[in-house]
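I opened this notebook to record what I looked up in the structure, going from the overall fold to the ligand and then to single residues.

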Amino acid sequence: MKRVYLDNAATTFCSNEVLNEMLPAFNTVYGNANSLHSFGRDAAAIVDHARDNIAKAISAKSNEVYFTSGGSESNNWAIKGVARANAYKGKHIITSKIEHDSVLESCKTLENEGFEVTYLNVDEHGLVSLADILHYIRKDTILISIMAVNNEVGTIQNIKAIAKTAHEHGIIFHTDAVQALGAVKLDVNDMEIDLMSLSAHKIYGPKGCGALYIKNGIKCADLLDGGAQERKRRAGTSNVPAIAGFSKAVEIATRDIIVNQQKIKTIRDYFVKHILEKIPYVRVNGHQYQKVQGIVNIGFEMVDAEALLTMLDLEGIAVSTGSACTSGVAEKSHVLSAMKVPDEYLKGSIRFSFSKNISKEDIDYTIEKLVEIVAKLRSISPITKTGRAK
Ligand SMILES: *Cc1c(COP(=O)(O)O)cnc(C)c1O
């Protein structure tokens, strides 16, 4: 059976170039990067090179990049670390309702520790408003955390403007840039970012590896205690193969950013155009222009998203109803809810996310199957209250 993978916002394949970069670190350069002998030094050299490489890609200094187990750990570290280290100044945090669960749940943990968190609404396109941020900033606000790119709808936030506003009020700014890496240019100086979370497996790198950028001078408490790795700030033996792969993945993603985005845009536009032409009662959720090219979220009226996902899966097509963490459970997307997507579309919304290798053939197959399945589901749909003719 034909298989089409359209869930690249959940994870991507690991590219051959990346894999080749990783292999020696499994069985040739296998030392512990913290050991004092030549085996250790060889491994440490790989880690040092990766750190320089990733720092360069985001215009940071090498000693501002810390390797972690991925985006989730980086978000936990940034938010809990900044909150706990700056609690003496105040206990108020601002974030948005459309953040990744690792941000939202970190905030929940902090609420149990006595912090207060404001979860900002977004507009119908998924954008946080600067006026809202200004409205909710208080004297005791210590941290603002807003994601650079949303993983369900692809909306790009006005990060620089938000960071500027935070700094004008003496507030630290963190951004979850996991979906931004490889899709938009990231320059921590130009964008005035204090802390930034990155992950490897969304950009054709290995799973279980990421980084946290912490600007020198920013107070952020450590999360993992133990060994002296990552300049004594993040314990745990360095995952050298993954770090080598992450570095290569960042290098390639940064190098090819414009070509990849253009290629994906062409295919994505073709896909959306055909869906809108061939299937009635459909809407695209998210921002029309201020978005990454690789994510498109489409609402199908009179269709149950879980049913659509399952039927597409039977045809070999992999999509998602939102973040991987919430799919499998039939609950509404917190992102689409915050965007006030009308109820009739909310229940039938699917995320299609494209890789740099997507082919027109795969998209044609997906369009064909979608037309069939949506028609089939609507013909048996109990949802008729919308007043639409079936
Ligand atoms: C995938 C993702 C994460 C989590 O990263 P992991 O490396 O899987 O832990 C965080 N934020 C966003 C926006 C993501 O898409």
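Before judging the overall shape I wrote down the rule I would use: the radius of gyration is taken over C-alpha atoms, and the globule rule is 2.2 Å times the number of residues to the power 0.38. I also noted that this is a predicted model.

**Entry 1: the whole chain**

I compared the radius of gyration with the rule: for 390 residues a compact globule would come near 21 Å, and the protein chain has 22 Å, so the value agrees. Along the principal axes, I found that the C-alpha atoms fill a box of roughly 70 × 55 × 35 Å. The secondary structure of the protein chain came to 14 helices and twelve strands. I then looked at burial, and buried residues make up 56% of the 390 residues. For contacts with a separation of 6 or more, I noted that 75% are between residues 24 or more positions apart. The protein chain exposes about 16600 Å², of which carbon and sulfur atoms supply 53%.

**Entry 2: the ligand**

Which residues are the closest to the ligand? I listed 13 residues surrounding the ligand, and the closest are Ser72, Asp176, Ser199, His201 and Lys202. By class I recorded two nonpolar, nine polar and two charged residues in this shell. Helix α4 (residues 71-86) provides the largest share of the shell, with three residues.

I next went through the distances to ligand oxygen atoms. A polar backbone atom of Gly71 is 2.8 Å from an oxygen atom of the ligand. For the side chain of His201, I noted an N or O atom 2.7 Å from an oxygen atom of the ligand, and for the side chain of Lys202 I also noted an N or O atom at 2.7 Å from an oxygen atom of the ligand. Taken alone the ligand exposes 390 Å², and the protein buries 88% of that.

**Entry 3: Thr12**

I looked up Thr12 next, and found it in the loop between β1 (4-5) and α1 (16-22). Is Thr12 buried or exposed? Its relative accessible area is 4%, so I entered Thr12 as buried, the cut-off being under 20%. Not counting residues up to four places away in sequence, Thr12 touches His201, Lys202, Ile203, Tyr204, Gly205 and Lys207. Among these residues, His201 and Lys202 are also listed with the closest to the ligand. The side chain of Thr12 reaches the backbone nitrogen of Tyr204 at 2.8 Å.

**Entry 4: Ala180**

I placed Ala180 in the loop between β6 (172-176) and β7 (195-199). Its relative accessibility is 0%, and therefore Ala180 counts as buried. Leaving aside neighbours within four places in sequence, I found Ala180 in contact with Ala148, Val149 and Leu186. Ala180 and Asn150 are 30 residues apart along the chain, and I noted 8.4 Å between their C-alpha atoms.

**Entry 5: Asn285 and Val341**

I found Asn285 in strand β9 (residues 282-285), and with a relative accessible area of 2% Asn285 is buried. Outside its neighbours within four places in sequence, Asn285 is in contact with residues including Val153, Asn297, Leu336, Met339, Val341 and Ser349. Which side chains make polar contacts with the side chain of Asn285? I recorded the side chain of Arg283 at 2.8 Å and the side chain of Ser349 at 3.0 Å. The C-alpha atoms of Asn285 and Asn297, twelve residues apart along the chain, are separated by 5.3 Å.

From Asn285 I followed the contact to Val341, which lies in the loop between α12 (334-338) and α13 (343-346). At 5% relative accessibility, Val341 counts as buried. Leaving aside neighbours within four places in sequence, Val341 is in contact with Arg283, Asn285, Leu336 and Leu346. I also checked Val341 against Pro241: they are 100 residues apart in sequence, and their C-alpha atoms are 42 Å apart in space.

**Entry 6: positive phi**

I noted Lys340 in the loop between α12 and α13, with a positive phi near 55 degrees although Lys340 is not a glycine. Lys340 has 60% relative accessibility and so counts as exposed. Lys232, in helix α8 (residues 229-232), likewise is not a glycine and has a positive phi of about 65 degrees. At 64% relative accessibility, I entered Lys232 as exposed.

Technical notes. Residues numbered from 1 in each chain as written. Predicted model: local features only at pLDDT ≥ 70, side-chain atom pairs only at ≥ 80, totals over all residues. Heavy atoms only, no water. Near = heavy atom within 4 Å. Polar contact = N/O pair within 3.5 Å; in protein donor to acceptor, adjacent residues only side chain to side chain. Areas by Shrake-Rupley, 256 points an atom, 1.4 Å probe, with all protein chains shown as cover. Helix = DSSP H or I, 4+ residues; strand = E, 2+ residues; numbered from the N terminus. Nonpolar A, V, L, I, M, F, W, Y, C, P; charged D, E, K, R; others polar. Buried < 20%, exposed > 50% of the residue type's maximum accessible area, 1.4 Å probe, protein only. Contact = heavy atoms within 4.5 Å.
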